[in-house]
Amino acid sequence: MQVKILGSAAGGGFPQWNCACANCRAVRAGTFQGKPRTQTQVAITEDNLEWFLLGASPDLRAQIEATPELHPRQERHSPIAGIALANADLDHVLGLLLLRELQPLRIHSTASVRRILREDNSMFGMLHRIPDQAKWTDFESGEEFSLCNAQGEDSGLRCRARSLSTHYPSYVTAERQAQLSPGEASLGFFIHSISGARLAYMPAAPQLNETLLAEFEACDVLLFDGTFWSNTELIRVHGGGKIGQTAQQMGHVPVEDTLVKLAGVRRPRKIFLHINNTNPMLNEASPEHRQVRDAGWEIAEDGWQFTL
Ligand SMILES: [Zn+2]
């Protein structure tokens, strides 16, 4: 399995258009010891020909152009064969609208996420203008499924989704939420190849428990929620008010807690991604950055790739 990290920031990217926190200011001033990042996007392949996207970020067009493996090889073509959606968050699904140019695609999602996008948001109808465009396949939490292209051909990559949160995005109406299955709101993926390589993808994890830790120990690479350093980071940086929520309230285990809880997980290469622009570990001169590296973790950067 080949894995490419096309984007590694949380929603809003780094720097974020309406943010002048110390990190964002320093990036704009050219004085930051660290890198800007686009919004989280991962692509995987088993055969180096057909690629599958985990989510579809709002930065997807630029991320595809920055990645030669994802460029078309014929006049009308894309190596992108399909997408697996872990939730219906805007940062995770807006990129679908950028893939609308009559391109055949397979979209794997839970029935709840499919209903939100297809039944409540008519813009996504642009993916269904002709019969051979987007094909949707539902998966259930806990069930293993094969990532397939639009024609239904098996990629050799098998995926198991794990429910991580019952929280739907706030744009989903209360009436609709009452009709949806809570366990289909937000998931993480365990993906394995024919050769047995295992990848865990968990960009939004509200909590950690013993079952999850045991599943991580069976993986080769763990891509984990690096959104916030501490629980009160946003409140400290931006003060109270509407954006003054804790990391836990926003559905993210703080990195400083993850370092402690996952200290005993030894097997996988451990990589933080989905990093918010306020997170002090983005600054490579910071004690937080040093602490993460000393704990054996890596901090994802756009353009990273590896084979497992
Ligand atoms: Zn900022």
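## Zinc site

In this predicted model, a zinc ion is coordinated by Cys-19, Cys-21 and Cys-24 through their SG atoms and by Asn-277 through OD1. The coordination distances run from 2.1 to 2.3 Å. The 4 donor atoms subtend angles of 100 to 120 degrees around the ion, which makes the arrangement tetrahedral.

Along the chain, the donors follow the spacing C-x1-C-x2-C-x252-N. Cys-19 belongs to the loop between β1 (2–7) and α1 (22–29), while Asn-277 sits in the loop between β12 and α9, so this pair ties together parts that are 258 residues apart in sequence. Cys-19 has 5% relative accessibility and therefore counts as buried, being under 20%. Asn-277, at 2% relative accessibility, also counts as buried.

## Sheet from β7 to β13

One open sheet has 7 strands in the order β7-β8-β9-β10-β11-β12-β13, and its pairing is mixed. Its edges are formed by β7 (144–148) and β13 (297–299), each of which pairs on one side only. On average, and with direction ignored, neighbouring strands of this sheet are turned by 25 degrees against each other.

At the β13 edge, β12 (residues 269–273) pairs with β13 in the parallel sense over 3 bridges. Phe-272 stands opposite Ile-299 of β13. Helix α9 (residues 287–294) lies across β12 and β13, and runs at about 135 degrees to β13. Another helix, α6 (residues 210–217), lies across β8 (154–165), β9 (186–192), β10 (198–202) and β11 (221–225). The angle between α6 and β8 is about 155 degrees.

## Nonpolar core

In soluble globular proteins, nonpolar side chains tend to be buried together. Here the largest nonpolar core has 33 residues, of which Phe-216, Phe-224 and Val-292 touch the most other members. Two or more residues of this core come from each of α1, β10, α6, β11, α8 (255–261) and β13.

Which residues does Phe-216 contact, leaving aside its neighbours within four places in sequence? They are Phe-190, Ala-200, Met-202, Leu-208, Leu-222, Phe-224, Leu-262, Val-265 and Pro-268.

## Sheet from β6 to β14

A further open sheet of 7 strands is ordered β6-β5-β4-β3-β2-β1-β14, again with mixed pairing. Strands β6 (134–138) and β14 (305–307) are the edges, each pairing on one side only. From one strand to the next, the twist averages 20 degrees.

Strand β5 (residues 105–109) pairs with β6 in the parallel sense, over 5 bridges. Within this pair, Leu-105 has Ala-134 in β6 as its bridge partner. Helix α4 (residues 111–120) packs on the sheet and touches β5 and β6. The direction of α4 makes about 145 degrees with that of β6.

## Tyr-171

Tyr-171 is found in the loop between β8 and α5 (174–179). Its relative accessible area is 31%, so Tyr-171 counts as partly exposed. Leaving aside neighbours within four places in sequence, the contacts of Tyr-171 are Ala-88, Leu-90, Ile-116, Leu-117 and Asn-121.

How far apart are the C-alpha atoms of Tyr-171 and Phe-190? The separation is 27 Å, for two residues that are 19 residues apart along the chain. Phe-190 is also one of the residues in contact with Phe-216.

Definitions and conventions
Residues numbered from 1 in each chain as written. Predicted model: local features only at pLDDT ≥ 70, side-chain atom pairs only at ≥ 80, totals over all residues. Heavy atoms only, no water. Pairing = 2+ DSSP bridges. Helix = DSSP H or I, 4+ residues; strand = E, 2+ residues; numbered from the N terminus. Axes fitted to C-alpha atoms, helices over the stretch in contact; angles between N-to-C directions. Contact = heavy atoms within 4.5 Å. Donors = N, O, S within 2.8 Å, 3.2 Å for Na, K, Ca; no water. Tetrahedral: all angles 85-135°; square planar, octahedral: opposite > 155°, others 65-115°. Buried < 20%, exposed > 50% of the residue type's maximum accessible area, 1.4 Å probe, protein only. Core = buried A, V, L, I, M, F, W, Y, C linked by side-chain atoms within 4.5 Å.
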